[in-house]
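Open your viewer and get ready to click from residue to residue. Each stop below tells you what to select and what you will find there.

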Amino acid sequence: MPTISKKGQLMPESPIRKLVPYAEDAIKKGKHIYHLNIGQPDIKTPEVALQAVRDNSVEILSYSRSEGSETYRKKLANYYSGHNINVSHKDIVVTTGASEAIAFIFGSIMDVDDEVIICEPFYANYIAFATAASVKVVPIVSKIEDNFALPAIEEFEKLITPKTKAIMICNPGNPTGCLYSEKEIKQLADIVKRNDLFLISDEVYREFTYDGSSHYSILELEDLDEHTIMIDSVSKRYSMCGARVGCLVTKNETIRHTVLKFAQARLSPPTYAQIASEAALQTPSSYFEEVKNKYLNRRNTLITELNKIDDVKVVTPMGAFYCIVELPVKDADHFAQWLLESFDVDNETVMVAPASGFYSTPNIGKNQIRIAYVLNRRSLVKAVNIIKEALKVYKN
């Protein structure tokens, strides 16, 4: 029979979604599941975005421009100016989620077998997009013992080869919740400039920083316009994951021109979703203050409860709404499946994301999970208690 491609065989399963069949079976058995596995906030989407779709006067749902509607991009540029990011709407290409932005970037700046250096653990789909583009991810490990801080710049230097085209970061980080400082970003700027590389930054969690810390964008860097590419999305900022609207922002005209060719091949980003996303930019700052406080309280609750469990290790995240948790188990993949198949407390159980899928280095993160603290505090307390009770009876 005909065979599938090697690329198809190499394409990884999502560590976040691969346990869904086991969760569905658990639900059929009448179990309630606390979903800590996926970054789907329970925060309400701003009403202004939803109302814009309800009230629109569109009579023909036509294509938008391949780079996204001009009115939306102009309002986006204005939004960025409020974050000390001075760009024009011409520097922005709207994409179908940040996912498409990553795919377009990899396709635009890298050829087959070129390399991109990424700090791990990292968002699992980076591997998928690299595989689709026949690009090699070169991991540089950040460790839980070091609070997942940016590895020493000397370690980056050791990994650079003639095939290296870019360094990629997620800031604030998924899955670690780490937040890179202005000093660390400037260190990366220095290395990409000296080695003539691109610096790609996934900044979709920009609004969510805690404990008085603030986000520093790569687009705030001076004299690095030809090297920097930012990725963004409405998914987490406005709790609009289903809109599938993201963008990439760069002042490098050659990159934009190349990306636009990919964008033209898929015609245009979704029209209704752009209407909602444009309206979402009217969301008042009070919305973010309220949401940040909610996540901060959830983070504090989660970390407090996890620290009550013997032999569990966790770092307090400084941004986003995730953390990596190290468990006293040998195989967190098996533990996560076992939770769904074989364990409950009062007919309730927990779904987590095994962290091994967020690493590309073999056999790292096998005893770790990622938790998304996107549930209310009461649910988080219950979920952590289930994990605590499960660890008492689980056999490695």
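Before the first stop, a word on burial: buried means under 20% relative accessible area, exposed means over 50%, and partly exposed lies in between, with a 1.4 Å probe and protein chains only. This is a predicted model, in which local features need pLDDT of at least 70, side-chain atom pairs count only at pLDDT 80 or more, and totals for chains, interfaces and linings use all residues. Residues are numbered from 1 along each chain as its sequence is written, and side-chain values use heavy atoms, with hydrogens and water left out.

**Stop 1: Arg 65, Ser 66 and Glu 67**

Select Arg 65, which counts as partly exposed because its relative accessibility is 42%. Arg 65 forms a salt bridge with Glu 67, and the closest N and O atoms are 2.9 Å apart. (A salt bridge is a side-chain nitrogen of Lys or Arg within 4 Å of a carboxyl oxygen of Asp or Glu.) Glu 67 is buried, with a relative accessible area of 15%.

Now click Ser 66, in the loop between helix 3 (47-55) and helix 4 (70-81). Helices (H or I, at least four residues) and strands (E, at least two) are DSSP runs, numbered from the N terminus. Is Ser 66 buried or exposed? Ser 66 is buried, because its relative accessible area is 14%. A polar atom of the Ser 66 side chain lies 2.6 Å from the backbone oxygen of Leu 267.

Keep Ser 66 selected and add Thr 95, in strand 2 (residues 92-95). Their C-alpha atoms are separated by 8.6 Å, although the two residues are 29 residues apart along the chain. Thr 95 counts as buried, at 0% relative accessibility.

**Stop 2: Leu 267 and the nonpolar patch**

Follow the contact from Ser 66 across to Leu 267, which sits in the loop between helix 9 (253-265) and helix 10. Leu 267 is not a glycine, yet its phi is positive, near 80 degrees. Leu 267 is partly exposed, with a relative accessible area of 42%.

Next, select Tyr 272 in helix 10 (residues 271-280). Tyr 272 is partly exposed at 35% relative accessible area. Add Val 58 and Leu 61, which together with Tyr 272 make a nonpolar surface patch of about 260 Å². Patches are made of residues with over 30% relative accessible area and no salt bridge; like charges are joined within 9 Å, and nonpolar side chains (Val, Leu, Ile, Met, Phe, Trp, Tyr) within 5 Å. Accessible areas come from the Shrake-Rupley method with a 1.4 Å probe, and for residues only the protein chains shown count as cover.

**Stop 3: backbone features**

Select Asp 113, in the loop between helix 5 (97-109) and strand 3. Asp 113 has a positive phi of about 75 degrees, although it is not a glycine.

Which peptide bond to Pro 121 is cis? The bond from Glu 120 to Pro 121 is cis, with omega near 5 degrees. Pro 121 lies in the loop between strand 3 (115-120) and helix 6 (125-132).

Go on to Pro 172, in the loop between strand 5 (164-170) and helix 8 (182-194). The peptide bond from Asn 171 to Pro 172 is cis, with omega near -5 degrees.

**Stop 4: salt bridges across the chain**

How many salt bridges does the structure hold? There are 26.

Pick Glu 145 and Lys 313, whose salt bridge has its closest N and O atoms 3.6 Å apart. This pair links distant parts of the chain, 168 residues apart: Glu 145 is in the loop between strand 4 (136-141) and helix 7 (153-159), and Lys 313 is in strand 9 (residues 313-314). Glu 145 is exposed, at 52%, while Lys 313 is partly exposed, at 34%.

Then show Asp 211 and Arg 299, whose side chains meet in a salt bridge (2.9 Å, N to O). Asp 211 is in the loop between strand 6 and strand 7, and Arg 299 is in helix 11 (residues 285-306), 88 residues apart. Asp 211 is partly exposed, with a relative accessible area of 48%, whereas Arg 299 is buried, at 4%.

Finally, select Glu 203, Arg 206, Glu 207, Asp 232 and Arg 237 together: they are linked in a network of salt bridges.

Methods. A polar contact is a pair of N or O atoms within 3.5 Å; within protein, one must be able to donate a hydrogen and the other to accept it, and residues adjacent in sequence count only if both atoms are side-chain atoms.
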